[in-house]
Amino acid sequence: MLTEIQLRNFRCFESLRVDFGPGYNFFIGQNGQGKTSILEAVCVLLRLQSQRSSTLAPLVRIGHSTFALAGRCHEHALEFRYGPLRRKLVFDHVEQPAPKEYLRLARVVSLANTDIELVRGSSEARRRFLDFLGSQIERSYRLTLRAYERALRSRNALLKSPQPKPRELAAYDSPLLEHGAKLSALRARLVEHLRPFAADAHREISGSVECLEMKYAPGNEEDFATDLARSRPQELRLRQTIVGPHRDDITLQVDEMAANQYASEGQQRTVALALKIAQARVFAAEEGAPPLLMVDDIFGELDPQRRNRLFSSLPREAQKLVTATSLAWHKGELSGCISEFIDGTLRTK
Ligand SMILES: Nc1ncnc2c1ncn2[C@@H]1O[C@H](COP(=O)(O)OP(=O)(O)OP(=O)(O)O)[C@@H](O)[C@H]1O
Ligand SMILES: [Mg+2]
């Protein structure tokens with residue numbers, strides 16, 4: 001359990017300390033007060049990545065060059081300092097040269113209104129969804145992903161150079177193929193793992209017999225090497241690698257209809273929630289303990305029936321951080337720790 005976090009020069013906060021209890025922790029406040037930023041600080045402290053931004057630079061408070069986070073989780077002390085030139089990780093007061101030990105401590109799943117992008121947005125959102133989960137479950141996933149991204153960046157840099165030579169390009173093929181094949185296999189396995197959990201969660205939240213089907217759609221043909229060779233003329237023209245796991249996707253169907261094209265907005269939101277709940281259940285199955293759940297601005301938006309179904313779908317024992325602009329919908333159905341922004345200051349009731 002996360003018990004405490006301290007923020008320094010993080011987003012809109014110069015300095016803030018927040019204490020957490022087990023079960024539900026609510027953060028209530030008007031728009032722009034910093035509710036999502038508190039969740040983001042938790043996500044960055046525990047996982048070294050943000051749930052809403054692909055880079056950490058925008059998280060530094062404007063006018064400053066570094067931010068610092070510190071906290072306690074499962075009785076361990078964590079500290080993360082970020083600057084443009086240096087990151088510092090401290091686990092139980094010992095600076096860590098690599099994130100391996102540090103990242104072992106906690107798992108996070110984030111549910112947010114913007115998750116609908118998982119269904120109707122570009123494939124990048126779906127790859128990020130898989131990578132966020134995969135990197136937390138398996139260290140080899142994170143390493144393979146990094147290695148593939150590095151190979152891709154180098155190859156694309158060469159393709160953008162004035163006259164890339166075929167022999168040079170061939171030298172960049174082999175790391176791309178090697179790490180690409182590994183990444184594809186890891187993602188395919190992950191989707192297979194998620195599939196039954198997502199279908200179950202979808203049935204529970206929609207309260208219907210609608211059937212959610214998800215499938216891994218690789219960004220290259222089965223024989224990656226042949227596909228890469230075949231795409232050569234086109235990639236020389238476009239000056240970038242056009243096949244490979246950086247084009248991977250997940251296809252989502254509700255009752256055999258493509259969810260991005262045919263599902264209603266409410267149905268799309270339900271699919272997105274189901275994917276995130278599946279993520280939490282995969283963690284619970286893999287790790288024997290549920291992840292920390294961050295629920296950003298969702299409950300207030302759902303009709304009471306869906307809200308209740310969502311409540312009962314979330315792992316009971318999980319610690320939950322929930323944000324909302326008001327608790328008017330609450331009607332005494334919840335217990336937990338409630339903190340509210342009053343005149344710009346966070347007060348815990
Ligand atoms: N790097 C930064 N430096 C300073 N302020 C920032 C930075 N990034 C974001 N902000 C400000 O932080 C404030 C809080 O943002 P946040 O997204 O946490 O609000 P919120 O309470 O979740 O609002 P909403 O209810 O609209 O989702 C915003 O007003 C935003 O302008
Ligand atoms: Mg917000």
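This section describes the ligand shell, the helices and several individual residues of a predicted model.

The surroundings of ligand 1 comprise 16 residues. Those closest to the ligand are Cys12, Asn31, Gly32, Thr36 and Ser37. Divided by class, the shell around ligand 1 contains eight polar residues, four nonpolar residues and four charged residues.

Helix H1 spans residues 35-47 and thus contains Thr36 and Ser37, both of which are listed among the residues closest to ligand 1. The 13 residues of H1 extend over 18 Å from the first C-alpha to the last, close to the 18 Å expected at 1.5 Å a residue. H1 is mostly covered, with 13 of its 13 residues classed as buried. The residue that follows H1 is Leu48, and the phi of Leu48 is positive, near 60°.

Positive phi values were also computed at two further positions. Most residues other than glycine have a negative phi. Asn9, which is not a glycine, nevertheless has a positive phi of about 50°. Asn9 belongs to strand E1, formed by residues 2-10. Asn9 is classed as partly exposed because 19 C-beta neighbours lie inside 10 Å, whereas a buried residue requires 20 or more. His74, likewise a residue other than glycine, has a positive phi near 45°. His74 is located in the loop that links strand E4 (67-73) to strand E5 (76-82). With 11 C-beta neighbours inside 10 Å, His74 counts as exposed, the limit for that class being 12 or fewer.

The packing of two helices was examined next. Two packed helices are described by the angle between their axes and the distance between the axes. Helix H4 consists of residues 123-137 and helix H6 of residues 166-206. The axes of H4 and H6 come within 10 Å and cross at roughly 95°. Angles of 65 to 115 degrees count as roughly perpendicular, and H4 and H6 are therefore roughly perpendicular to each other. On the H4 side, the contact is made by Leu130, Leu133 and Gly134; on the H6 side, it is made by Leu186, Arg187 and Leu190. The residues of this contact divide into four nonpolar, one polar and one charged.

A further set of contacts involves Ile116 and Gln268. Ile116 is placed in the loop between strand E8 (108-112) and helix H3 (117-120), and Gln268 in helix H10, which covers residues 265-287. Apart from neighbours within four places in sequence, Ile116 contacts Gln268, Arg269 and Ala272. Gln268, with residues up to four places away in sequence again set aside, touches Ile116, Val119, Arg120, Ala259 and Ala263. The two residues fall into separate burial classes: Ile116 is partly exposed, with 17 other C-beta atoms within 10 Å, while Gln268 is buried, with 21 other C-beta atoms within 10 Å. Distances to positions elsewhere in the chain were also computed. Ile116 lies 42 Å from Glu168, C-alpha to C-alpha, at a sequence separation of 52 residues. The C-alpha atoms of Gln268 and Asp173 are separated by 38 Å, with these positions 95 residues apart along the chain taken as their sequence separation.

Finally, Arg232 is part of helix H8, which covers residues 232-238. Arg232 has 14 C-beta neighbours inside 10 Å and therefore counts as partly exposed. From Arg232 to Val243, the C-alpha distance is 9.8 Å, and the two residues are 11 residues apart in sequence.

How values were computed: Residues are numbered from 1 along each chain as its sequence is written. Chains are lettered from A and ligands numbered from 1 in the order in which they are written. This is a predicted model: local features need pLDDT of at least 70, side-chain atom pairs count only at pLDDT 80 or more; totals for chains, interfaces and linings use all residues. A residue is near a molecule or strand if its C-beta atom, placed from the backbone, lies within 6 Å of it. Ala, Val, Leu, Ile, Met, Phe, Trp, Tyr, Cys and Pro count as nonpolar, Asp, Glu, Lys and Arg as charged, and the others, Gly among them, as polar. Axes are lines fitted to C-alpha atoms, for helices over the stretch in contact, and angles run from 0 to 180 degrees between N-to-C directions. Helices (H or I, at least four residues) and strands (E, at least two) are DSSP runs, numbered from the N terminus. Angles under 35 degrees count as roughly parallel, over 145 as roughly antiparallel, 65 to 115 as roughly perpendicular and the rest as oblique. Two residues are in contact if their C-beta atoms, placed from the backbone, lie within 7 Å. The expected span of a helix is 1.5 Å times one less than its number of residues.
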